[in-house]
Amino acid sequence: MERVYNFSAGPSMLPVEVLEQAQKEMLCYGTSGMSVMEMSHRSKDFENIIYTAEDDIKELMNIPDNYKVLFLQGGGNMQFAMVPLNLMNKNKKIDLVNTGQWTKKAMAEAKKYGEVNVVASSDDKTFTYIPKLDPATFSKDADYFYICLNNTIYGTRYTKLPETGAIPLVADASSNILSEKIDVSKFGLIFAGAQKNLGPAGVTVVIVRDDLIGNAREYTPTMLDYATHVKERSLYNTPPTYSIYTMGLVFKWLKKMGGVEVMQKVNEEKAALLYNFLDNSALFKGTVVPEDRSLMNVPFVLPTDELNEKFIAEAKAKGFVNLKGHRTVGGMRASIYNAMPVEGVKKLVEIMEKFELENK
Ligand SMILES: *Cc1c(COP(=O)(O)O)cnc(C)c1O
């Protein structure tokens, strides 16, 4: 069986080079005589793996010295609780922009610990755009301001950050981290589950500014306190060792590719291929307003459910899989993360062109 073009929103495809490297080292990592899976997380070999991964992401994202990088478990969903537990600690109030499923879930968790002021929402149009923000409507006394940078389900992304002044900006970057340049210094905290753009499921990256660490709510479980993990450099307890190792291979791959700026150019090229086709197609339509379109997740529809299903089935038979849209949006969604080659998108556009000719 040949490898398919996998457009899954997550877990998603990994670079072939990374999988091959992992395969080569599967039985014996370096001179250890064992697999990384079998290794003590307290061993020199594993310390080297985790600290190198930390250094590499700091370099790739140009993370300033007054931030810590943590490798945690529990996914993006655990951060929905961890962020308020650690940061909602002064006025017990936050501002949030509701741009879809993931900010709704973050909101529901934050409400357990205080007040959530929804500054703006794109709920009125099924989250097909990023709301325009007016800083005059922001709370002066919010503990932080929360956004989701790229909305995996609806295919929208921020191209301009809210200007929150001294209020820390907190962002869920699960589906766009390392896909485009992010100025970390503009944020108090950024988190991202690995399974979209960083590596296999099981590890979550948290980038947090020093002054936001160490003031968790009094009842915060030890494991959910950032300070616990900062103190032990992500080795407080057994971390997801194999996921961290594989993510480290992805960082090395990205560095070899030329880093985030080069990757962003490639991602812009891939997204443009699809959006240009959608804009000129008489049959396929993009669902997001042009100015807020995601580089990573591209939702689109055909005129009827029958045609959507027909296209998904035909694409699948040709080796283009996981194109079915999220159950709340319908239609199709092509997730084109860093690991998706330009060629995969070109070929997808080709089958869309062919489908259009055959179904006019
Ligand atoms: C996938 C995703 C999540 C949820 O991640 P889990 O690791 O499954 O908890 C949160 N936010 C965004 C933007 C996502 O794409």
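**Figure 1. Polar side chains at the ligand in the predicted model.** A polar side-chain atom of asparagine 77 is placed 2.6 Å from a ligand oxygen atom. For lysine 196, a polar side-chain atom lies 2.7 Å from an oxygen atom of the ligand, and for glutamine 195 the corresponding distance to a ligand oxygen is 2.8 Å. Taken alone, the ligand exposes 390 Å², of which the protein buries 87%.

**Figure 2. The residue shell around the ligand.** The surrounding residues are Gly75, Gly76, Asn77, Phe80, Trp102, Cys148, Asn150, Thr152, Asp172, Ser174, Gln195 and Lys196. Helix α3, spanning residues 75-87, supplies four residues, the largest share of this shell. Classified by residue type, the shell comprises seven polar, three nonpolar and two charged residues.

**Figure 3. The open seven-stranded sheet.** The strands follow the order β2-β10-β9-β8-β5-β3-β4, and their pairing is mixed. Strands β2 (67-72) and β4 (115-121) occupy the edges; each has a single partner strand, so one side of each is left without a neighbour in the sheet. From one strand to the next, the twist averages 20 degrees.

**Figure 4. Strand β5 and its burial.** All five residues of β5 are buried, so this strand is largely enclosed by the rest of the structure. The side chains of Tyr144, Tyr146 and Cys148 point one way from β5, whereas Phe145 and Ile147 point the other way. Cys148 also belongs to the set of residues that surround the ligand.

**Figure 5. Parallel partners of strand β5.** Strand β5 (residues 144-148) runs parallel to strand β8 (residues 169-172), and four bridges join the two. Within this pairing, cysteine 148 has aspartate 172 of β8 as its bridge partner; both Cys148 and Asp172 are members of the ligand shell. Strand β3 (residues 93-98) is likewise parallel to β5, to which it is joined by three bridges. In that pairing, isoleucine 94 has tyrosine 144 of β5 as its bridge partner.

**Figure 6. Lysine 316 in helix α8.** Lysine 316 is found in helix α8, which covers residues 305-317. The residue has a relative accessible area of 58% and is therefore exposed, the threshold for this class being over 50%. The C-alpha atom of lysine 316 is separated by 32 Å from that of glycine 74, and the two residues are 242 residues apart along the chain.

Key. Residues numbered from 1 in each chain as written. Predicted model: local features only at pLDDT ≥ 70, side-chain atom pairs only at ≥ 80, totals over all residues. Heavy atoms only, no water. Near = heavy atom within 4 Å. Polar contact = N/O pair within 3.5 Å; in protein donor to acceptor, adjacent residues only side chain to side chain. Areas by Shrake-Rupley, 256 points an atom, 1.4 Å probe, with all protein chains shown as cover. Nonpolar A, V, L, I, M, F, W, Y, C, P; charged D, E, K, R; others polar. Buried < 20%, exposed > 50% of the residue type's maximum accessible area, 1.4 Å probe, protein only. Pairing = 2+ DSSP bridges. Axes fitted to C-alpha atoms, helices over the stretch in contact; angles between N-to-C directions.
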